Amino acid sequence: MRVLVVSDIHANRQALAAIDERCDACLFLGDAVDYGGHAPACLAWLRRHATASVRGNHDHAVAQRVSAVGGSRFRTLAAATRPGHVASLDADDFKFLARLPLTRRLTLGKANYFLVHATPRDPLDEHLGPDPEAWTALVDQIEAADDALTVDYVLAGHTHLPYVLPVGRATVVNPGSVGQPRDGDPRVSYAVIEAGEIKIHRREYDVEGAIDDLRSAGVTGDVLDFAVASLRNGKPPE
């Protein structure tokens, strides 16, 4: 069983197109939209390829047509891109986003998976890195909610920073971000789980094409400059 794990695509169709992996299942951990220039293509890819998906905070906001308010530079970027996404998505796209669950449990092969965008305690918004103590408590919480469930893999995104963290019997896997890495490596980041082995993969993609999509979407000025630097450098500028 070869499992592809992707997260935080953020409407970056060029980054998504760089993933060319044979897999038996594809798991999506949320945030298909905002920040990038072409949301419909990314949602079409997910509807074709994703075996199971969960909702990210940006998916939730777009599905509910919540207006983005500037503040931080990423909030300002969301405010610049979200109106175009809302205008470009069709009824099936909105239905897909609105029906995404906050968490998902499933069994693939002989392994049990728990999917969430952020954390089980706060599925949409909590940022949590590779903190063994915190994740141990959260894995215990997942298993306590279902005495029959032993979790083998907890899959989470949201931070845009990839890591693999053993926690007792379980392993927490954050695949990083497909569309907007923030660890200083601009390449696409995703994970593959096969025969108990977990690998974080990185792939080059057409960054300049992604920037052209932002320009075509009407992103300009300081917001565009911020987005360009973040995509080219794989992290937001200082």
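Let's start at histidine 201, which lies in strand 10. Keep in mind that this is a predicted model. Is histidine 201 buried or exposed? Its relative accessibility is 16%, and since anything under 20% counts as buried, histidine 201 falls on the buried side. Setting aside neighbours within four places in sequence, histidine 201 is in contact with Glu21, Val188, Ser189, Tyr190 and Val192.

One of those contacts, Ser189, is a good next stop. Serine 189 sits in strand 9, and it is buried, with a relative accessible area of 0%. Across from serine 189, in strand 10, stands arginine 202. That pairing belongs to a run of 7 bridges that joins strand 9 (residues 188-194) to strand 10 in the antiparallel sense. Serine 189 has other company too: beyond its neighbours within four places in sequence, its contacts are Pro162, Pro175, Gly176, Ser177, Val178, Ile200, His201 and Arg202. Glycine 179 is 10 residues away from serine 189 along the chain, and their C-alpha atoms are separated by 8.1 Å.

Now zoom out to the sheet around these residues. In what order do its strands lie? Read across, the order is 3-2-1-9-10, an open sheet of 5 strands with mixed pairing. Strand 3 (52-53) and strand 10 (197-203) are at the edges; each has a single partner strand, so one side of each has no neighbour in the sheet. In general, strands of a sheet pair through backbone hydrogen bonds, either parallel or antiparallel.

Arginine 22 makes a nice contrast with the buried residues. You'll find arginine 22 in the loop between helix 1 (13-17) and strand 2 (25-28). Arginine 22 is exposed, with a relative accessible area of 54%. Not counting residues up to four places away in sequence, arginine 22 touches Arg2 and Glu194. Arginine 22 and arginine 2 are 20 residues apart in sequence, with 7.7 Å between them in space, C-alpha to C-alpha.

Next, have a look at strand 5 (residues 111-116). All the way along, 6 of its 6 residues are buried, so strand 5 is largely enclosed by the rest of the structure. In a regular strand the side chains alternate between the two faces of the sheet. On strand 5, Ala111, Tyr113 and Leu115 take one side while Asn112, Phe114 and Val116 take the other, and both faces are covered. Which strands flank it? Strand 4 (residues 103-108) pairs with strand 5 in the antiparallel sense over 6 bridges, with leucine 106 opposite tyrosine 113. These two strands form a hairpin with 2 residues between them, and glycine 109 in the turn has a positive phi of about 65°. Strand 6 (residues 153-156) runs parallel to strand 5, and 4 bridges join them; here tyrosine 113 stands opposite tyrosine 153.

From strand 6 you can step across to strand 8, since these two pair in the parallel sense over 3 bridges. Valine 154 has valine 172 in strand 8 as its bridge partner. Strand 8 (residues 170-174) is another hidden stretch: 5 of its 5 residues are buried, so it too is largely enclosed by the rest of the structure. Ala170, Val172 and Asn174 point one way from strand 8, and Thr171 and Val173 point the other way. Strand 7 (residues 163-167) pairs with strand 8 in the antiparallel sense over 5 bridges, and one of the matches puts tyrosine 163 with asparagine 174. Strand 7 and strand 8 form a hairpin with 2 residues between the strands, where glycine 168 takes a positive phi near 60°.

For a look at helix packing, turn to helix 2 (residues 39-49) and helix 5 (residues 91-98). They pack at an angle of about 65°, their axes 11 Å apart, and the crossing is left-handed. Leu43, Leu46 and Arg47 from helix 2 meet Asp92, Asp93, Phe96 and Leu97 from helix 5. By class, that contact has 4 nonpolar, no polar and 3 charged residues.

Finally, the whole chain. It holds 8 helices and 10 strands, and its C-alpha trace spans about 50 × 35 × 30 Å along the principal axes. The radius of gyration is 17 Å, which agrees with the value near 18 Å for a compact globule of 238 residues. Buried residues make up 55% of the 238. Among contacts between residues at least 6 apart in sequence, 62% join residues at least 24 apart.

Definitions and conventions
Residues numbered from 1 in each chain as written. Predicted model: local features only at pLDDT ≥ 70, side-chain atom pairs only at ≥ 80, totals over all residues. Heavy atoms only, no water. Axes fitted to C-alpha atoms, helices over the stretch in contact; angles between N-to-C directions. Helix = DSSP H or I, 4+ residues; strand = E, 2+ residues; numbered from the N terminus. Left-handed = near helix turned anticlockwise from the far one by under 90°. Contact = heavy atoms within 4.5 Å. Nonpolar A, V, L, I, M, F, W, Y, C, P; charged D, E, K, R; others polar. Pairing = 2+ DSSP bridges. Rg over C-alpha atoms; globule rule 2.2 N^0.38 Å. Buried < 20%, exposed > 50% of the residue type's maximum accessible area, 1.4 Å probe, protein only.
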